[in-house]
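Hi,

Here is the structure I promised to pass on to you. Have a look at it first, and then read my notes below.

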Amino acid sequence: MDAKIKQALIDIVGEQNFTDNLIDLVSYSYDASEYKHRPICGVWPHTAEQISEILKLANREKTSVVPRGAGTGLTGMAVPTKGGIILDLNRMNKIQKISIEDRLVVVEPGVVYADLEKALAVYGFLFPPDPASGKVSTLGGNVATNAGGVKGAKYGTTRDYVLGLQVVLPDGRIMRTGSKTMKSVSGYDLTKLFVGSEGTLGVVSEITLKINPKTTASSTSLATFNHVEDAGHAVSQIMYSGILPSVLEILGREVIRAINQNTDLALPEVEVILLAETDGYTKTETDFQMQKVIDVFHKNNAIEVKQAQTAEEAADLWKARKSAYAVLARLKPTLVLEDVTVPMSKIADLLNGIKEISKKHNIMIATYGHAGDGNLHPQLMYDGYDPIQAKSQEAASADLFQLAIRLGGTLTGEHGIGLQKAAFMTLEHDPVAMDVMRSIKKLLDPHNILNPGKMALEE
Amino acid sequence: MEAKYDFIKKYREQVLQCSRCGFCQAVCPVFGATLRPAYNARGKMLVLKEVMDGKIDLNDELIDTLFQCTTCANCFKNCPSGVNVPEIIKQVRKDMVHIGSCHPAFTGMNDVLKKYTNIYAEDEAEDFGRKKNQTAEYVFFIGCVGAYREEESTQATLELLDFTKIDYTLIDEVCCSGVLEDIGFTINAAHVQTNIDRILSTGAGTVITGCPYCYRTFINRPQYKPLLDKGIKILHISQFLKDFDFGVTTDKRVTYHDPCDLGRHCEIYDEPRQTITKIAPNFVEMPHSRVDALCCGAGGGVRGAFAKNSIAMARRRLVEAEEIGAEIVLTECNSCVHNLANAKLRKQPFQIYTTTQLIRKLMKEKGSLKN
């Protein structure tokens, strides 16, 4: 790399926080997607001021910078497609403040979700989004991708909890957004502009998050259905019942079959399994909610409904859902995990459509996901080293996106656009919306140094 | 086309099975100590993937990550795709050594075992005041760390064996040399033969090992199969002691560190706890225990080659002991004791022992063992 830039970076972060070693460059070429591109170097900043100096330098030298948390993203958003500098934020990992009386925490971007969870558990509190990667993903990454999880329907996603940010802009200026209050309508909501912006507008260097008290009781049930439509109706009618389950998950036939072929769980070979959890503070309360959910299951021709009586039984019911990813990850060498999302009433249409796409492109697609918020995870499984199969995957994913949009849905419920869905942005967003997004990008990052090539911001 | 390296022949599919989810980062002790993702299992698998794709070649630049793995297997146990990283790493290290790329500490260990009978290049083997190579029902196999570095622990174990009145003997043992397979070389056949011959000549039916790694080597390495073929039973000391009652207890808050070699690699979790809970009713687990236990940082040749990070890993383990207010940290591995004790800060208010050391101490305090 350019010796002058290298020296300038070392001057900012110190020799021990700079790398252009091959092992780091390889490791920073990837995230959890199929994309790859090598950066020129990596740096480990420790302060907002260091980030600011790095961005000033990059802006001056027109070198791209890609902020990175744990690199667990599924759409290539942390892959440095234009080379440049990887800004690895995982050493900025201090929980700066836990204020139960103000119902908030202040953290650095490199704090791991699970570490905050552990720190808050002491007080009986939590930061609810609970992404599946929470053991390893960082809060900075959660903010940049607006991460969500299984409890999204009831508790929302990261966006719903970010009260304020400290952001370093591409020109190096440091800005504070939001407030430390539960509500604020003061000025434009700059905070939410940065949540889910995938590192394209600024680098988040501090996060103020709203936290929730933890519920202390829950009820769990599992229902099986022979027809996709029955399960779809059940999901819709649960909404009419006035109950918001804390979890409402769905497993499709291909997942069930794969689990049965590879574990000893012996699930019933049905078309759809729905798994519901209600939560609250007493068992009476959660059972009351669950009974309403179970009534809906029965009314919609559920073949079998099981309600867990103990925590162990609940864990048993959860096993199928929890093993899904691991079972599927071992079936074929390559996987792409999509996250198309539709209005809840369209779940059955989405499931049926996925089946047709799988047949049309001759590619295995196993579907599970969050029925409670319409967010499904069709997992496409193939051998990425076989060019024909790789093409089928691309075509199948394109059809999936078309289907989701046709059903009034969105390309992505929680994984983000990154590289993988960039080409499909215009499918969902009209030319005016695209123009506004691109204008915002140009305003904040005129030299396009921050995470370039993502989200179709360059037309 | 013939694959260039043996790791590709044996593990190509496994390497490709890594879906790059990055979940290994949560449990990798080297990442935990360094916060450098190139060191975790995903970082290693990505390097190997690029080697398989012909983008890079195995070379000295990769030593820093490929040789910096304690083979603790926490990644493997937590990998959704089931990638057996420790086995892949062991094979890659052999490929690296084959092309002349190796960490000098690892080369040094292999050279030492060509000339000496132990990994510390010591001449005189301690006899702990006991006769060796006798006819006996049991052989107690000490292991290098117990014989040359953690003699106190070995002394304690021997005194407890005396107390049980079993008929045992020590032998003129040499390094089991299993570790060579982990660090890029092959097991030392001469050492293996020496151990087998000396064990067999005692007529013993059971070998008790003081070291979890020796235990693992005896039961898993094909070179030691002649022992198993002769019907010789191999036990780790923790499996042997669980059936005895030493008649002592302590009120102290005691915790237990699962050695990777005994726990994740051999799934021996309960036996040490059976013994410990008998003597320490105030037993408490650390936040990460059993299959989730944090690694002490010593394994896979990392202590010798990457001492600073090895100690940092041990420190992370001891933070957990501190968090739960432990007064005594027990483990069943001399290597763990050695590394944890080296990492312990003076302000940390606990003692680190092997289980036999604690039992002996309590028995001496009670007077049931003489000083």
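Before we start, one term: helices and strands here are runs assigned by DSSP, with at least four residues for a helix and at least two for a strand, and they are numbered from the N terminus. Please also keep in mind that this is a predicted model.

**Two residues with positive phi**

Let's begin in chain A. A:Asn362 sits in the loop that links helix H12 (347–361) to strand S17 (364–370) of chain A. Its phi is near 50°, which is a positive value in a residue that isn't glycine. Is A:Asn362 buried or exposed? A residue counts as exposed if 12 or fewer other C-beta atoms lie within 10 Å of its own. A:Asn362 has 11 within 10 Å, so it is exposed.

Chain B has a residue to set beside it. Phi of B:Ser177 is near 65°, again positive and again not in a glycine. You'll find B:Ser177 in the loop between strand S2 (168–169) and helix H10 (179–182) of chain B. The cut-off for buried is 20 or more neighbours. B:Ser177 has 28 C-beta neighbours inside 10 Å, so it counts as buried.

**A sheet in chain A**

Now for the start of chain A. Four strands make an open sheet there, in the order S1-S2-S4-S3, and the pairing is mixed. Which strands are at the edges? They are strand S1 (18–19) and strand S3 (65–68) of chain A, each of which pairs on one side only. S3(A) runs parallel to strand S4 (residues 85–88) of chain A, and four bridges join the two. If you want to find one of the partners, A:Arg68 is bridged to A:Asp88 in S4(A).

Helices lie against this sheet too. Helix H3 (residues 48–61) of chain A packs on it and touches S2, S3 and S4 of chain A, with a direction at about 165° to that of S4(A). Helix H1 (residues 3–13) of chain A lies across S1 and strand S2 (41–43) of chain A, and runs at about 15° to S2(A).

**Domains of chain A**

The domain assignment splits chain A into domain 1 (3–88), domain 2 (95–213), domain 3 (215–322) and domain 4 (332–416). Take domain 2 and domain 3 of chain A: their centres, over C-alpha atoms, are 30 Å apart. Four residues of domain 2 and six residues of domain 3 of chain A take part in the contact. On the domain 2 side, two of these residues are nonpolar, two are charged and none are polar.

**Chain B as a whole**

Chain B has 19 helices and seven strands. Its radius of gyration is 21 Å, close to the 21 Å that the globule rule gives for 371 residues, so chain B is as compact as a globular protein of that length. The C-alpha trace of chain B spans about 65 × 50 × 30 Å along its principal axes. How many of its residues are buried? Of the 371 residues of chain B, 54% count as buried.

**Where the chains meet**

Finally, 25 residues of chain B are in contact with 23 residues of chain A. On the chain B side, helix H1 (6–17), helix H3 (41–52) and helix H4 (63–66) each supply at least two residues. The largest share, four residues, comes from H3(B). By class, this side of chain B has twelve nonpolar, eight polar and five charged residues.

Enjoy looking around!

Terms used: Residues are numbered from 1 along each chain as its sequence is written. Chains are lettered from A and ligands numbered from 1 in the order in which they are written. This is a predicted model: local features need pLDDT of at least 70, side-chain atom pairs count only at pLDDT 80 or more; totals for chains, interfaces and linings use all residues. Two strands pair if DSSP finds at least two bridges between them. Two residues are in contact if their C-beta atoms, placed from the backbone, lie within 7 Å. Axes are lines fitted to C-alpha atoms, for helices over the stretch in contact, and angles run from 0 to 180 degrees between N-to-C directions. The radius of gyration is taken over C-alpha atoms; the globule rule is 2.2 Å times the number of residues to the power 0.38. Ala, Val, Leu, Ile, Met, Phe, Trp, Tyr, Cys and Pro count as nonpolar, Asp, Glu, Lys and Arg as charged, and the others, Gly among them, as polar. Domain bounds come from an automatic or database domain assignment.
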